[in-house]
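Open your viewer and keep the selection panel within reach. We will go from one stop to the next, with something to select at each.

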Amino acid sequence: MDLDPNLRNVLYLAAAVLFMFGIKGLTHPRTAVRGNMLGALGMLTAIVVTLIDKQMLGWGWIIGGLALGSGVGAYVAIKIQMTGMPQLVALYNGFGGIASALVAGAVLHGWIHGAAQDSLSIFEFIGREGQNPTQAVVATMASGLIGGITFSGSVLAFAKLQQLISGNPITNPLLKIANGLCTVGAIGVAIMLFMHPEQVGWYWALVVLSLFVGVFLVLPIGGADMPVVITLLNSYSGIAAAATGFVLNNTVLIIAGSLVGASGLILTKVMCVAMNRSLTNVLFGVMAEVGVGPSSDEIYAGKVKAASPDEVAMLFDTARKVLIVPGYGMAAAQAQHVVRDLASLLESRGVEVEYGIHPVAGRMPGHMNVLLAEADVPYDQLKEMDEVNATMEQVDVVLVIGANDTVNPSAQEDPTSPIAGMPIIDVGKARTVVVVKRSLSPGFAGIPNPLFAANNTLMMFGDGKKAVLELIAALKAG
Amino acid sequence: MELFVLLLTIFVLAVFVGFEVITKVPPTLHTPLMSGSNAISGITVVGALIAAGSGQTTLVSILGFIAVVFAMVNVVGGFMVTHRMLAMFRRKG
């Protein structure tokens, strides 16, 4: 059956409105589950409208594809661990990108086939289909280019996060040359495609070159900058979908794609601000000018005070307000559940407990919040950096666990530091700071942390989970 | 007004609405926002279905089929994993 085009577009509009309400629901944890459902309902609407609208012929392909994709997606969504969310999101970004590139390619093949059958030029054929040929061809180019970059870049980001390959930045002058050649090649091929869209080989050459560009884009980016890469590729996957919308003159693709594109861009900006890096710096693997800072020996010598669990327990006994500052190291040590137990124990004794979350505390925006929510930490205890900094003077004990660079005062005090200007959780202003850490080894930025040598800091050396367990035992005994 | 200009208008306005709505999402929910918007970018499944079902040539059908698979992994996986995360936030609070 063929739907009336107006009815079809109204139904697509309904789907787009559901997406908007879906994202609006995400503005509060209470409404978020319903928001996500509304988004899913929007997607279902769009799929059903598409299936009943067109004279579908290849039902085998359609049902097979829907079943296979849904099965794989559901399986992974159920199995994935919360620590693995960044990898998963990275991979899904790529899937969205390649799907858009394949759709644009399929549509181009269809146009070429149709034009040949009716002995028309491809431009005449596209025009007869009610499309603007220039728009259609340019949008096809954009889908192939952005979709290809998104796919290979995302797969590489996935491999780095999953530690299938080293997470270290890979920089080599040869890579820059190769990247330049691929970019120039992609532009050349895109121009050829624009002039000869009937030669489909140009399209696939463009996709292949884009795959290379995507690889070269992500190779020089190191582990600490991965959040920026994921958010940026998230944005690209949306833009690729919007471009495909311009290929098909399909409004719901354009609206949904631009929503995702905007979302990814906003989060990219949030991440860059939280690291005080410009997007260009992140993308080209440029670290800030590194001054010759004080060595770790100068900073730490004779000033670091180690404390036993019993001594720390005595601190907590007299505390009225405790702030926990977690970093990715806490998740890596799987310590979030015991940290929650410690917080519950303190609360049962009338201590006020909050968590201070730095925007780049996890491997993607909001990752730490998800990890703590999984450990049953109530979301209203999760406070943003600015909020906890404002009341830091009233905190009796700060427990830093698995965090390092995000609490390094050099960022604020030493203008020559590689992380100078990065906003930090200013734990030094609290009465006492307890840092749980294996050793004095540096974090991602590779610099010593004067916080560890501060007068009001006590170091509790050891594995995060074991240290917190010992602390709980000491508190219960005391 | 030519159709292209109309579509461009829709695109630009949707970007602005997107910016307005998304800046209000709190950092606590940024990971679900990413996985959820990821699922929404699977909307390209609409184009994939049209290609897979067009019956033009076998090649077009196969390309459409592969695109449907990728996009549906994105859609179903994205919405389900987002639901899993959001349910953890809802449990208490």
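A cavity here is a set of grid points where a 1.4 Å probe fits but cannot get out, and its volume is the space filled by probe spheres set on those points. Keep in mind throughout that this is a predicted model.

**Stop 1: the second largest cavity**

Select A:Leu217, A:Val218, A:Ile221, A:Val229, A:Leu232, A:Leu233 and A:Leu283, the residues that line the second largest cavity. The space they surround comes to about 30 Å³. Two elements of chain A, helix H8 (201-218) and helix H9 (226-248), give two or more residues each to this lining. H9(A) gives the most, with three residues. Colour the lining by class and you will find seven nonpolar residues, no polar ones and no charged ones.

**Stop 2: the largest cavity**

How many cavities of 30 Å³ or more are there? The count is two, and the largest holds about 70 Å³. From chain A, select A:Phe19, A:Gly22, A:Ile23, A:Leu26, A:Gly35, A:Asn36 and A:Gly39; then add B:Leu33, B:Gly36, B:Ser37, B:Ile40 and B:Phe79 from chain B to complete the lining. Helix H1 (5-25) and helix H2 (29-53) of chain A, along with helix H2 (30-41) of chain B, each supply at least two of these residues. Which element gives the most to this lining? That is H2(B), with four residues. By class, this lining has six nonpolar and six polar residues, and no charged ones.

**Stop 3: where the chains meet**

Now show the contact between the two chains, which takes 103 residues from chain A and 83 residues from chain B. Together the chains bury about 8,100 Å², 80% of it on carbon and sulfur atoms. Between chain A and chain B there are 17 residue pairs in polar contact, counting pairs with both residues at pLDDT 80 or more. For the side of chain A that touches chain B, pick out the elements that supply at least two residues each: H1, H2, helix H3 (59-79), helix H4 (85-117), H9, helix H10 (251-275), helix H16 (367-374) and strand S3 (382-384). H4(A) gives the most to this side, with 17 residues. The chain A side as a whole divides into 62 nonpolar, 35 polar and six charged residues. Salt bridges between chain A and chain B number zero.

**Stop 4: the second largest pocket**

Next, look for the second largest pocket, with about 890 Å³ of space. Its lining has 31 residues, and those closest to its centre are A:Lys54, A:Glu129, A:Gln131, A:Leu248 and B:Ile50. To see which elements supply at least two lining residues each, select H1, H4 and H9 of chain A, then helix H1 (3-22) and helix H3 (45-52) of chain B. The lining divides into 14 nonpolar, 12 polar and five charged residues.

**Stop 5: a salt bridge**

Side chains of opposite charge can pair when their charged atoms come close. Over all chains, the count comes to 12 salt bridges. For one of them, select A:Arg277 and A:Asp225, whose side chains meet at 3.1 Å, N to O. Where do the two partners sit? A:Arg277 is in the loop between H10 and helix H11 (279-283) of chain A, while A:Asp225 is in the loop between H8 and H9 of chain A. The pair links distant parts of the chain, 52 residues apart.

Conventions
Residues are numbered from 1 along each chain as its sequence is written. Chains are lettered from A and ligands numbered from 1 in the order in which they are written. Side-chain values use heavy atoms; hydrogens and water are left out. On a 1 Å grid over the protein atoms alone, a cavity is a set of points where a 1.4 Å probe fits but cannot get out, and a pocket is an open set with protein on both sides within 12 Å along at least five of seven lines; lining residues have an atom within 4 Å of a point. Ala, Val, Leu, Ile, Met, Phe, Trp, Tyr, Cys and Pro count as nonpolar, Asp, Glu, Lys and Arg as charged, and the others, Gly among them, as polar. Contact means heavy atoms within 4.5 Å. Buried area is the accessible area (1.4 Å probe) that two parts lose on being put together, summed over both. A salt bridge is a side-chain nitrogen of Lys or Arg within 4 Å of a carboxyl oxygen of Asp or Glu. A polar contact is a pair of N or O atoms within 3.5 Å; within protein, one must be able to donate a hydrogen and the other to accept it, and residues adjacent in sequence count only if both atoms are side-chain atoms.
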